[in-house]
Amino acid sequence: MLKLNQVSAQYNMLNGYVKAVDRVDFEVRKNEIFGIAGESGCGKSTLLKVMYDLINYPLEIASGSVEVHTSDRKGVPVIYRNGEIHKSWWKDISYVPQGAMHVMNPVTRVKNQFFDTISKYHGVKNKKLLEHEITAYLKELELPPEVLKAYPHQLSGGMRQRVLIALATFLHPSIVLADEPTTALDVVVQRGILTMLSQVQKKLMNSMVIVSHDMGVHYQITNRMGIMYAGQMIEIGPTERIFNEPKHPYTKMLIHALPRIGDNSQKEGIPGTPPSLKNPPAGCRFAARCPHVMEACRVVEPERVNVGEGHYASCHLLN
C-alpha cells in the first residue's frame, strides 16, 4: 500500500541542513497497522509528513521516493509518487496530525470543517445530503451528532481527537497516517482513542501508520513496527517479535524501561543524548550511548541484517 525507497529528508536552515530522515526504507502492507517508535526528535513526525507528501519549506526531500499504491474507480492499479500524493489526499491517504486543538480552526464549527476539507479536495454538490452522511458516520463511531454544531474549544481533548480521526477516515481512505494520536490524553481516554482506531481499521480494512513514542501504544494496537533513532530506521519487524526478541541494543533498552505489573525493580533511562542531526557521527549513531560499543561501531555504519520472520535490525553485534 505504501512503499518508501531509501528516503532522506532535511530541513534547510539558515546555517546548514538538519538531516531529519536518513535513507529510510520499508513498506506498509495491506490491512495492517504499522507503528513507528523512538525518542522525541528522532524524525518520526518528519517521516510521516514525507509519507503524506506534506513538504513545505524548510522541509525538503533530499533523495529517495515514496509510493502510494491504490486503484481508481474501475479497479485499475494506480501509483502516486512524492509530488503527486496530494492528488489522493483524504480519499486514498489521509493524515491525523499532532495537537487537535491547534489543527482545527477555532472560529469554525466542526460541521463546516468537514465541509471545507471535503469540498477543497473533492467538491460538495449537496450539503444537506453530506451532513446526513457525516452524522451517520459519527454515530457509527459512537460520537454524538451535537459535536457538528460545536466549536473546537467546546470539546474535550479526547473528543477533538475523535473528531479528527472521523474526519480523516470519512472518505474511507486506503491509508491513514496518525501522528501521536494519544499524546496529552489521560490513560482512560487513550484507551478509547486506540479502540476507535482499531475499530475503524477493521471496518474499512485499510492500512494505518501510527507514530508514537509510547511503546505501550504499539504493543496494544500495531501488527508490525519500526524503531527510529537519529533519523534512521534501526529495527523493523512484527510487534510481538520486537517486544519478545529485540535485537538492537537501543530497542532492548527502550523495552527494558517499560513498567510491568509486579516488577518492582529500579528502571533506568538510556544514558547520554542523541547525536546532532546537523552533523551526525560516522558509524553507528547509537555508539556513544551503547553499552556494547566496539571500535567498528564508531567507524563503519552497520548494515541491515535479516534476523528471521520479517525481522530486521542494523547492528554490528548481529554479525
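Helix H3 gives the most to the lining of the largest pocket, putting in 7 residues. Bear in mind as you look around that this is a predicted model. That pocket holds about 520 Å³ of space. Its lining counts 22 residues, and the ones closest to the centre are Trp90, Pro97, Val103, Thr117 and Leu167. If you want to trace the walls by secondary structure, the elements that hand over two or more residues are strand S6 (93-96), helix H3 (110-122) and helix H5 (157-169). What is the lining made of, by class? It divides into 16 nonpolar, 4 polar and 2 charged residues.

Now for the closed spaces. Rolling a probe the size of a water molecule over the atoms shows where empty space is left. How many cavities of 30 Å³ or more does the structure hold? There are 2 of them. The largest cavity comes to about 80 Å³ in volume. Its lining takes in 13 residues, with Pro249, Cys284, Cys290, Cys297 and Cys315 lying nearest the centre. Sorted by class, that lining has 9 nonpolar and 4 polar residues, and no charged ones.

The second largest cavity has a volume of about 30 Å³. Around it you'll find Trp90, Thr117, Ile118, Leu167 and Leu171. Some of those names should ring a bell: Trp90, Thr117 and Leu167 line this cavity, and they are also among the residues closest to the centre of the largest pocket. The class split for the second largest cavity is 4 nonpolar, 1 polar and no charged.

Let's step back to the whole chain. Its secondary structure comes to 9 helices and 12 strands. The C-alpha trace spans about 70 × 45 × 40 Å along its principal axes. How does the radius of gyration sit against the globule rule? For 319 residues a compact globule would come out near 20 Å, and the protein chain has 20 Å, so the two agree. Of those 319 residues, 47% are buried. Take the contacts with a separation of 6 or more: 63% of them join residues 24 or more positions apart. As for the outside, the chain exposes about 16000 Å², and carbon and sulfur atoms supply 51% of that area.

Next, zoom in on helix H1, residues 44-52. Why can we call H1 largely enclosed by the rest of the structure? Because 7 of its 9 residues are buried, and buried here means under 20% relative accessible area. The buried set is Lys44, Thr46, Leu47, Leu48, Val50, Met51 and Tyr52, so a lysine is on the list too. Right after the helix comes aspartate 53, with a positive phi near 65°.

Keep following the chain and you reach a backbone detail worth a look. The peptide bond from tyrosine 57 to proline 58 is cis, and its omega is near 10°. Proline 58 belongs to the loop between H1 and strand S4 (59-71).

From there you can hop over to strand S1, where tyrosine 11 is found. The C-alpha atoms of tyrosine 11 and leucine 59 are 4.5 Å apart, although the two residues are separated by 48 places along the chain. Setting aside neighbours within four places in sequence, tyrosine 11 is in contact with Gly16, Tyr17, Val18, Ala20, Thr46, Pro58 and Leu59. That list includes Pro58, the proline of the cis bond, and Thr46, one of the buried residues of H1.

Two more residues have phi values to check if you're going through the backbone torsions. Glutamine 6 has phi near 50°, which is positive in a residue other than glycine. Glutamine 6 sits in strand S1, which covers residues 2-13. With a relative accessibility of 40%, glutamine 6 counts as partly exposed. Glutamate 309 isn't a glycine either, yet its phi is positive at about 55°. This glutamate is in the loop between strand S11 (304-308) and strand S12 (311-314). Is glutamate 309 buried or exposed? Its relative accessible area is 66%, so glutamate 309 is exposed.

Methods
Residues are numbered from 1 along each chain as its sequence is written. This is a predicted model: local features need pLDDT of at least 70, side-chain atom pairs count only at pLDDT 80 or more; totals for chains, interfaces and linings use all residues. Side-chain values use heavy atoms; hydrogens and water are left out. On a 1 Å grid over the protein atoms alone, a cavity is a set of points where a 1.4 Å probe fits but cannot get out, and a pocket is an open set with protein on both sides within 12 Å along at least five of seven lines; lining residues have an atom within 4 Å of a point. Grid points are joined across faces, edges and corners, and a volume is the space filled by probe spheres set on the points. Ala, Val, Leu, Ile, Met, Phe, Trp, Tyr, Cys and Pro count as nonpolar, Asp, Glu, Lys and Arg as charged, and the others, Gly among them, as polar. Buried means under 20% relative accessible area, exposed over 50%, partly exposed in between (1.4 Å probe, protein chains only). Helices (H or I, at least four residues) and strands (E, at least two) are DSSP runs, numbered from the N terminus. The radius of gyration is taken over C-alpha atoms; the globule rule is 2.2 Å times the number of residues to the power 0.38. Contact means heavy atoms within 4.5 Å. Accessible areas come from the Shrake-Rupley method with a 1.4 Å probe; for residues, only the protein chains shown count as cover.
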